[in-house]
Amino acid sequence: MTSSAERPNLIVILGDQLSLDIAALRSGCPNRDVVLMAEVKSETDYVPHHKKKIAFIFSAMRHFASLLRQQNWTIDYVPLDAVTNLGTLTAEIDRAAAKHCCARIICTEPGEWRLKNAFEKLANSHTLPVEILQDKRFLCSNEEFVSWWQGRRQPRMEHFYRKMRRHTGLLMDENKPVGGRWNFDSENRKAPRAGMVFPTPCYFTPDQTTSEVLTLVDAYFPNNFGSLEPFWFGVTHADAEAAFDRFIAKALPYFGDFQDAMVQRSSFLFHAVISLYLNIGLLDPRKVCTRVETAYRAGVIPLNSAEGFIRQIIGWREFVRGVYWQEMPNYLEQNHFGNTAPLPSFYWTGDTDMACLRACITQTQEEAYAHHIQRLMVTGNFAMLAGIDPKAVHEWYLAVYADAFEWVELPNTLGMSQYSDGGRLASKPYAASGNYINRMSDYCKNCHFKVQEKTGIDACPFNYLYWNFLDRNRVLLGKNPRLSHVYGTWNRMDTARKDEIRRDAERFLSTLR
Ligand code: FAD
Ligand code: DLZ
């Protein structure tokens, strides 16, 4: 009988774990162990993912498998259309472990509670030892986050961010923040100028592997949301690095100033379009921050751009991950406002007269991308004002964006955009009327509705839905000091005006039902 020291280990690599230094790979040995990668229905079907998202993940998985083969790893790769495909990761792990006579199974913790739970069950029931290793690709471990979070009455991102600046030393001069301030957010709210030219992200032409994946996705997911082509995402580490280089050269200098702007003629403005690469392991969060700091110190980009970018990565990205693992699985059930309305069908078609929603949803269909303010202040804001069930909203975001994995999507959606956690993540709901959208975008210019009108059949629905939302949720929000000013304005409105708002909101919401 072969001793377990001679038998291979089974190293499991998931579709969002495509990093050469992922813990499971680092613990293995190329000439001894077998790497399992599997395209399975259980992962493609837990929400109806955008076609581009599935193609992106499959193509990146196949390219990563080739890279590992070049590095002498033995790969057991299961394509979706293999007749023997068992359909779930755990079934494929069982099969591969038996086939290769493995000594133990080694995974890196998955980024979703659902799958982590399934892996833990596997570990408890399997005849072989199963190791689930920490995902070290993040700058703050779950343990560090929990010890920071616990004991704080109101843990806020800004405090966490300062801790992370000190911890990483990024943009620090000794113990002080570079430029004398931690946060330059107030300089990130400029409206775009007419005629402004926006760079495009790096567009990549599909190679043979990607073309095969596109044919597969087209055949297997014909009714999923979104356009499969043109498909231009990068699918290798080299592609992702090239995309990031382009961002630093072309967009980052202006990133800070126009971070919150929205325009119809550009889906990307000066955004990085790298979340999809970071989230599956094609880019490393530490390295991108170091490169941005270097560009700032070399005088290539202004401080508000460098600080704004680094805050998103070491602040928001790490913070929402910490909240996710701290609060799951209960977080998924949070519904502070008790919202129950179904998601309007136009979220899947873009077929609405509201120009802002139409633009953001159509762009999402085409690109599997929308930037933060489009997600937060247009589609998210509308869903919250309209009283949509937050779980339905969450499932939509998880499905339609190429960068959507539950650890990052859920806190952003449920916490930040829907305030369904009652303020664990945000200090007040991100609710806004049409005025905000008009100030930050050019959507309102060609809209069927009139943003200046507050009530009536032609008025922008965001206007009366905003006040109706505050009115409807007064018991839950009325004592929030950050809302005292707006409730003061509502209180001063005469009764006839308030009734008009309530009537318009009811009329409009009934058309959604
Ligand atoms: P940029 O605007 O150029 O920012 C640079 C990077 O900072 C991003 O690539 C991203 O890694 C990070 N970042 C910025 N904001 C956040 C944030 N709030 N949380 C975490 N990281 C952030 N981001 C995801 O990666 N996956 C999601 O599924 C996701 N769902 C979201 C859902 C809602 C309702 C909202 C409001 C935001 C969501 N975000 C999500 C955050 C943010 O919208 C995206 O990270 C960003 O739009 C990605 O585009 P970009 O790479 O051009 O980012
Ligand atoms: C999102 C996704 C999809 C669509 N397909 C696969 C797959 O076939 N195989 C796989 O290993 N991973 C896939 N993924 C990513 C997983 O869903 C992801 O690893 C978990 O959601 C944890 O973040």
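The exercises below, each with a worked solution, concern a predicted model.

**Exercise 1. The strands β2 and β3**

Determine how strand β3 is covered and how strand β2 is joined to it.

Solution.
- Step 1. Strand β3 comprises residues 74-78, and 4 of its 5 residues are buried. Strand β3 is therefore mostly covered, given that buried means under 20% relative accessible area.
- Step 2. Strand β2 comprises residues 34-38 and is joined to β3 by 5 bridges. The two strands run parallel.
- Step 3. One pair of facing residues can be located: A38 of the chain stands opposite V78 in β3.

**Exercise 2. The surroundings of ligand 2**

Establish which residues come nearest to ligand 2 and which polar contacts its oxygen atoms make.

Solution.
- Step 1. Ligand 2 has 19 residues around it, and the nearest are D16, A38, V40, E43 and E112. A38 has already appeared in Exercise 1, opposite V78.
- Step 2. Two contacts involve the backbone: a polar backbone atom of G15 is 3.0 Å from an oxygen atom of ligand 2, and a polar backbone atom of G111 is 3.4 Å from an oxygen atom of the ligand.
- Step 3. Y46 contributes a polar side-chain atom, which lies 3.2 Å from an oxygen atom of ligand 2.
- Step 4. On its own, ligand 2 exposes 490 Å², and 100% of that is buried by the protein.

**Exercise 3. The shell around ligand 1**

Describe the shell around ligand 1 and explain why this ligand lies between two domains.

Solution.
- Step 1. The shell holds 28 residues, of which H271, A272, V273, N279 and Y369 are the closest.
- Step 2. Three of these closest residues are now examined through their polar atoms. A backbone N or O atom of A272 is 2.8 Å from an oxygen atom of ligand 1. For N279, a polar side-chain atom lies 2.9 Å from an oxygen atom of the ligand. For Y369, the corresponding distance from a polar side-chain atom is 2.7 Å. Of the 810 Å² of accessible area that ligand 1 has on its own, the protein covers 99%.
- Step 3. By character, the shell consists of 15 nonpolar, 9 polar and 4 charged residues.
- Step 4. Helices α10 (275-280), α12 (303-327), α15 (372-385) and α17 (406-417) each provide at least two shell residues. The most come from α17, with 6 residues.
- Step 5. Residues of the shell come both from domain 2 (142-327) and from domain 3 (346-512), so ligand 1 lies between these domains.

**Exercise 4. The position of V213**

Decide whether V213 is buried or exposed, and place it in the structure.

Solution.
- Step 1. V213 belongs to helix α8, residues 208-220.
- Step 2. Its relative accessible area is 0%, so V213 is buried.
- Step 3. V213 and I54 are 159 residues apart in sequence, while their C-alpha atoms are 9.0 Å apart in space.

Conventions
Residues are numbered from 1 along each chain as its sequence is written. Chains are lettered from A and ligands numbered from 1 in the order in which they are written. This is a predicted model: local features need pLDDT of at least 70, side-chain atom pairs count only at pLDDT 80 or more; totals for chains, interfaces and linings use all residues. Side-chain values use heavy atoms; hydrogens and water are left out. Buried means under 20% relative accessible area, exposed over 50%, partly exposed in between (1.4 Å probe, protein chains only). Helices (H or I, at least four residues) and strands (E, at least two) are DSSP runs, numbered from the N terminus. Two strands pair if DSSP finds at least two bridges between them. A residue is near a molecule or strand if one of its heavy atoms lies within 4 Å of it. A polar contact is a pair of N or O atoms within 3.5 Å; within protein, one must be able to donate a hydrogen and the other to accept it, and residues adjacent in sequence count only if both atoms are side-chain atoms. Accessible areas come from the Shrake-Rupley method with a 1.4 Å probe; for residues, only the protein chains shown count as cover. Ala, Val, Leu, Ile, Met, Phe, Trp, Tyr, Cys and Pro count as nonpolar, Asp, Glu, Lys and Arg as charged, and the others, Gly among them, as polar. Domain bounds come from an automatic or database domain assignment.
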